[in-house]
Amino acid sequence: MTEGRVNPAMRLEHQGISGLGRVFYNQIEPALVNAAVQRGEGKLGLGGAFLCETGRFTGRSPNDKFVVRSPSVEGDIWWKNNAAMTPAAFDVLYTDMLAHMQGRDYFVQDLYAGADPIHRVDLRIVTELAWHGLFIRHLLRRPDRSELDSFSPDWTVINCPSFKADPARHGCRSATVIALNFDRKLILIANTAYAGENKKAVFTLLNYLLPQKGVMAMHCSANHAIGNPTDTAVFFGLSGTGKTTLSADPSRTLIGDDEHGWSDRGTFNFEGGCYAKTINLSAAAEPEIFATTHRFATVVENMVYDPETLDLDFEDDSLTANTRCAYPLDYISNASATGLGGHPKHVVMLTCDAFGVLPPIARLSPAQAMYHFLSGFTSKVAGTERGVTEPQPTFSTCFGAPFMPRRPEVYGKLLEEKIAKHGATCWLVNTGWTGGAYGVGKRMPIKATRALLAAALDGSLNTATLRKDANFGFEVPVTVAGVEDTLLDPRRTWASAADYDAQARKLVAMFAANFAQYLPFIDDDVKAAAI
């Protein structure tokens, strides 16, 4: 039995997927929320938000992600960073998963990734959980209802949390698996209900496909000046560094909070929604994001709430520190209706420095920008990945190593070319610790970060007095209106300058050791910028 609107020539059985129970095609929010509640997948919260838990998995499982190794992709995949699965093992996994799905109900969403119609990828997402269908309907982009009659997906994602993989049989590491097959244009996800796997699997796919077209795929948020898409800024960063918070600036138009492309036509959002962290979220600091947690069909993941009043507890991390909400972009009042922007005038690299060494903002030369982009230094914050319970300093190349199927230099070269062609100004912004390392210092004040970014984007820092950082060689403003001068010089924020110097030497050595792997592949100017 099938229900919903779908291309009659592209039902699941036309893809070789048959024998299922009821299949619900392209249901919209009221039907999906109703189905999820009726099926016991979660609860209706205040304002009609959908409250759910993801069970054992409250973050991504990067060690369970695989790429099928075949001759067509052998020379393109960065195998050191991407675990390989044989085509034969994938075929067995697919066959066993389809057998497991027999007689069960499924939800299908036909969506696309990419606001630019020239570069979009049409996707079919098949989910066992109704709320996963709701989630991905928020996070990807929706065709017009009339387009569904002729929609034909380029790729299909099947997500089946109740299926457990067999490492010996399926060539994986555990019962959990995320497997991408570029030949069969299939992505399989099993034994995890964490919804973020859906969107990041699609992002990984785009990171492989788009560079072939000369399009830079970016793990970044983006916004532009109100009424002026040519004044666009992008914000690179891993989860927890502030991409969502800092791009949702009410004085600018939000293009998107996480994934974008940079083509010869400008910037475009891959997604149609936001997936924001909610731990310690407040109405005072982030009123628009806070408000989405009480709106109809917003997916609220792993948040503790009062069983009687349904009031959400934004400080309780007993389930996970990675509490989140997913909502469509139009829930943010200043969001772009098109998801399109111009060529970035500003490229901002966000880092969460748990060492407390980096300044709150620094201006980078193009070569320094490539150095820090390839380095991708930050700290994984609690909960984003399984097993991370406190900030862990890490180097995640291109600020998104888990989602990079190609070698880092491919993305670095593309970014370098686009920065040079369009004259973007580059900045490094530290949203991590000041006054000491994690456990001693405190997080950088969000008010100060916003003031510094505003000064960078409006051109105020172009005339500021700058000093050369003794450790990294980039330029740091000496004074900025609305920000304490001491904050701009992290050494002065520490109780002991000698302790700061020792910590700085430690971090510089870590940068140098990590960057050695890229030296054979980069241009001389970037080598000169290396520490």
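A residue counts as buried here when its relative accessible area is under 20%. Keep that cut-off in mind as you look around this predicted model, because Arg 137 comes in at 8% and so is buried. The structure holds 28 salt bridges, and a few of them are picked out below, along with a helix that is largely enclosed by the rest of the structure. As for the general idea, side chains of opposite charge can pair when their charged atoms come close.

**Arg 137 and Glu 29**
- Arg 137 pairs up with Glu 29 in a salt bridge, and their closest N and O atoms sit 2.8 Å apart.
- This pair links distant parts of the chain: Arg 137 belongs to helix 3 (residues 130-139) and Glu 29 to helix 1 (residues 29-38), with the two positions 108 residues apart.
- Glu 29 has a relative accessibility of 13%, so it counts as buried, and Arg 137 is buried too, at 8%.

**Asp 105 and Arg 22**
- Another salt bridge joins the side chains of Asp 105 and Arg 22, at 2.9 Å from N to O.
- Here loops are what get connected: Asp 105 is in the one between helix 2 (87-101) and strand 7 (106-113), while Arg 22 is in the one between strand 1 (2-4) and strand 2 (23-25).
- These two residues are 83 residues apart, and the pair links distant parts of the chain.
- Asp 105 is buried, with a relative accessible area of 19%, whereas Arg 22 is partly exposed at 38%.

**Asp 501 and Arg 491**
- Asp 501 makes a salt bridge with Arg 491, and the closest N and O atoms are 2.8 Å apart.
- Asp 501 lies in helix 13 (residues 497-515) and Arg 491 in helix 12 (residues 490-493), so the salt bridge ties together parts that are ten residues apart in sequence.
- Both ends are partly exposed: Asp 501 has a relative accessibility of 24%, and Arg 491 has one of 38%.

**A salt-bridge network**
- Salt bridges can also join up into a group, as with the network that links Lys 199, Lys 200, Lys 243, Asp 258, Glu 259 and Glu 271.

**Helix 8**
- Nine of the ten residues of helix 8 (residues 366-375) are buried, so this helix is largely enclosed by the rest of the structure.
- Among the buried residues of helix 8 are Met 370, Tyr 371, His 372 and Phe 373.
- Right after helix 8 comes Gly 376, which has a positive phi, near 60°.

Definitions and conventions
Residues are numbered from 1 along each chain as its sequence is written. This is a predicted model: local features need pLDDT of at least 70, side-chain atom pairs count only at pLDDT 80 or more; totals for chains, interfaces and linings use all residues. Side-chain values use heavy atoms; hydrogens and water are left out. A salt bridge is a side-chain nitrogen of Lys or Arg within 4 Å of a carboxyl oxygen of Asp or Glu. Helices (H or I, at least four residues) and strands (E, at least two) are DSSP runs, numbered from the N terminus. Buried means under 20% relative accessible area, exposed over 50%, partly exposed in between (1.4 Å probe, protein chains only).
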